[in-house]
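Trainee: Could you take a close look at one part of this structure with me? I would like to start from a single side-chain pairing and then see what surrounds the topic.

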Amino acid sequence: MYTILITVAIITGITTSLAILLTLADAYIADYGEKKIIINQEKEFIIDGGSSLLSSLVSQNIFIPSACGGKGSCGYCKCKINSGGGPVLVTELSYLTKDDLKNDIRLSCQVKVKNDIAIEIPNELFNVKRYEATVETLEDLTNKIKLIRLKITSNDPSTIEFKAGQYIQLTAPPYGNNSEEVYRAYSIASATKDIHYINLLIGYVERGIVTTYVHKHLSQGNSLTFTGPYGDFYLQNTDSEIILVAVGTGMAPILSILYELLEERSPRKTTFFFGARTKSDLFMLEEMEMFEKELPNFKFVPTLSRPTEEDNWQGNIGRVTNAIENLIDKGDSTREAYLCGGTSMINSTVEVLLEKGMQEHLIYYDKFD
Amino acid sequence: MMEVNPFIILFASIFTSNMILANFLGMCSFIAVSKEIKTSLGLGQAVTFVVTGTTVINYLIYHHLLVPFGLEYLRFIVFIITIAAFVQLVEMVIERYLPNLYYSLGIFLPLITVNCAILGVSLFMVIRDYSFIQSIAFGIGSGLGWTLAILALSGIRQKLQKAPIPKGLQGPGITLIITGLMALAFIGFSGIVSIQ
């Protein structure tokens with residue numbers, strides 16, 4: 001009996017004293033006090049120091065894009081830290097390019113706020129909010145692409161304000177073998193005046209976590225969350241001619257841009273080059289007809305890379321770049337181009353557009369892999 | 001055992017009774033973190049510091065608390081608890097007051113908690129019945145020996161990056177073979193001094 005008591009007492013004594021020691025250490029050593037976050041040299045927040053910059057910003061309702069939720073495994077939450085960030089950590093290195101390092105770009109989920117810290121983030125991020133939504137409709141556009149319409153159900157914010165071309169981050173809850181929340185970026189395909197809803201085009205990617213969730217597990221009425229809007233790919237307010245180029249689900253931001261032009265009844269000359277493999281991969285054709293009818297100066301140019309015999313295709317054949325080569329004339333350096341698609345499509349299209357005498361800074365693009 | 005000179009223990013624990021190459025303790029981080037010399041050196045320093053610190057604390061707890069009450073059999077759980085707490089405390093202190101060191105060690109600091117070489121040193125200290133001074137020498141020596149081994153391995157692995165290694169042997173496979181060869185090489189020291 002005596003041995004049992006003394007054993008328990010000793011172990012408890014040692015553990016308790018260590019626990020007290022660590023608690024005291026946490027309270028006194030790891031207490032960084034109240035620290036200031038200065039954003040873009042104008043906004044100031046006071047927060048309790050010691051936690052990561054990303055979560056400190058979230059506590060102030062500022063959402064920096066992050067796909068992994070602060071685990072340091074996606075590399076999206078980059079932001080510029082002008083002072084107070086401390087040296088770059090080993091855990092950040094694999095996500096930072098040489099340019100990033102030169103420009104003080106850091107991963108905000110790895111940087112702890114231990115000093116007053118001055119950061120720069122794009123002004124648009126102040127507009128980013130977290131939304132709850134339910135699936136209003138879910139429609140197959142082709143056998144690989146779904147149109148999903150989400151109705152915003154959260155009260156604050158209950159409406160979304162974005163620029164035509166921007167994207168949101170959709171969250172897939174844990175399902176099946178996937179035990180954590182996963183975020184992926186999707187461009188908004190609906191009109192900016194459609195403030196209670198957003199439309200997304202989601203293509204099926206084999207073993208893609210969010211795309212599989214949307215294609216196989218999601219049904220009408222389900223709830224989802226998303227944050228947004230993000231991105232510097234959006235329609236510029238000028239009078240120049242517009243060239244739109246997209247393949248597959250890359251049509252999403254272009255649709256939003258077209259709705260925007262429709263809303264303004266814009267007389268801007270607009271050509272939309274859309275690439276697909278076969279006729280069955282084309283979609284939104286009625287919508288395009290509507291745009292051609294309603295917009296005074298709009299032309300839709302679908303081009304198929306591999307039309308089948310049954311397609312009986314009369315239109316352009318080849319890649320979108322071939323169609324641009326043939327249909328766009330040289331000159332006019334004020335033209336703007338908006339491209340959305342995979343990396344190789346974007347790179348080759350930019351090349352062709354530069355050959356056509358366009359200026360590099362007027363070619364806007366949104367790459368996805 | 002009691003009369004062995006502490007300097008001999010220090011020397012022997014680096015070369016002849018190396019924690020990794022003679023006892024094969026602390027293998028997990030040894031294999032996982034030995035891709036670059038720089039990080040290996042950082043981890044080696046941290047291990048040396050923690051192993052010395054925990055040996056001292058565990059010596060005091062064992063001889064002034066456990067032995068008087070006849071509770072020697074509790075040493076495993078007690079040693080593990082002190083090691084975990086010590087690493088945690090060290091991490092907090094370093095993060096607060098030596099930020100530069102903290103940044104250079106990064107994630108490797110908390111990893112030390114589960115390094116078996118550290119528990120091994122505390123247990124050997126008890127088994128071999130070292131005195132206080134001998135324990136300190138043994139702790140420092142083991143830490144330095146561990147650092148030496150991981151530095152040597154990371155040097156070899158950096159060279160190996162350009163070598164055509166068969167697919168099945170890449171990564172841990174070839175690393176274990178190298179470790180074995182290094183252990184064989186270290187047998188060459190074994191005639192100099194012996195502490196076990």
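Mentor: Gladly! In this predicted model, A:Lys78 and A:Asp100 pair through their side chains in a salt bridge, with 2.7 Å from N to O. A:Lys78 belongs to strand β3 (residues 78–83) of chain A, while A:Asp100 sits in helix α4 (residues 98–102) of chain A, so the salt bridge ties together parts that are 22 residues apart in sequence. As general background, side chains of opposite charge can pair when their charged atoms come close. Over all chains, the count by this rule is nine salt bridges.

Two salt bridges are found across the interface of chain A and chain B. A:Lys114 pairs with B:Glu95, and here the closest N and O atoms are 3.4 Å apart. As for the interface itself, 23 residues of chain A touch 22 residues of chain B. Chain A and chain B bury about 2100 Å² between them, and 77% of that area comes from carbon and sulfur atoms. On the chain A side, the residues that lose the most area to chain B are A:Ile14, A:Leu22 and A:Ile29, which together make up 25% of what that side buries.

Charge also shows up at the surface: A:Lys144, A:Arg277, A:Arg306 and A:Arg319 form a positive patch there. Of these, A:Lys144 is placed in the loop between β6 (129–140) and β7 (145–152) of chain A.

Since you work with geometry, here are two backbone details to look up in the model. A:Asn61 is not a glycine, yet its phi is positive, at about 60°. You will find A:Asn61 in the loop that runs between α2 (53–59) and β3 of chain A, and β3 is the strand that holds A:Lys78. The other detail is a cis peptide bond between A:Gly228 and A:Pro229, with omega about -5°. A:Pro229 is part of strand β11 (residues 223–230) of chain A.

Note on methods
Residues are numbered from 1 along each chain as its sequence is written. Chains are lettered from A and ligands numbered from 1 in the order in which they are written. This is a predicted model: local features need pLDDT of at least 70, side-chain atom pairs count only at pLDDT 80 or more; totals for chains, interfaces and linings use all residues. Side-chain values use heavy atoms; hydrogens and water are left out. Patches are made of residues with over 30% relative accessible area and no salt bridge: like charges are joined within 9 Å, nonpolar side chains (Val, Leu, Ile, Met, Phe, Trp, Tyr) within 5 Å. Accessible areas come from the Shrake-Rupley method with a 1.4 Å probe; for residues, only the protein chains shown count as cover. A salt bridge is a side-chain nitrogen of Lys or Arg within 4 Å of a carboxyl oxygen of Asp or Glu. Lys and Arg count as positive and Asp and Glu as negative; His and the chain ends are not counted. The place of a charge is taken as NZ of Lys, CZ of Arg, CG of Asp or CD of Glu. Helices (H or I, at least four residues) and strands (E, at least two) are DSSP runs, numbered from the N terminus. Contact means heavy atoms within 4.5 Å. Buried area is the accessible area (1.4 Å probe) that two parts lose on being put together, summed over both.
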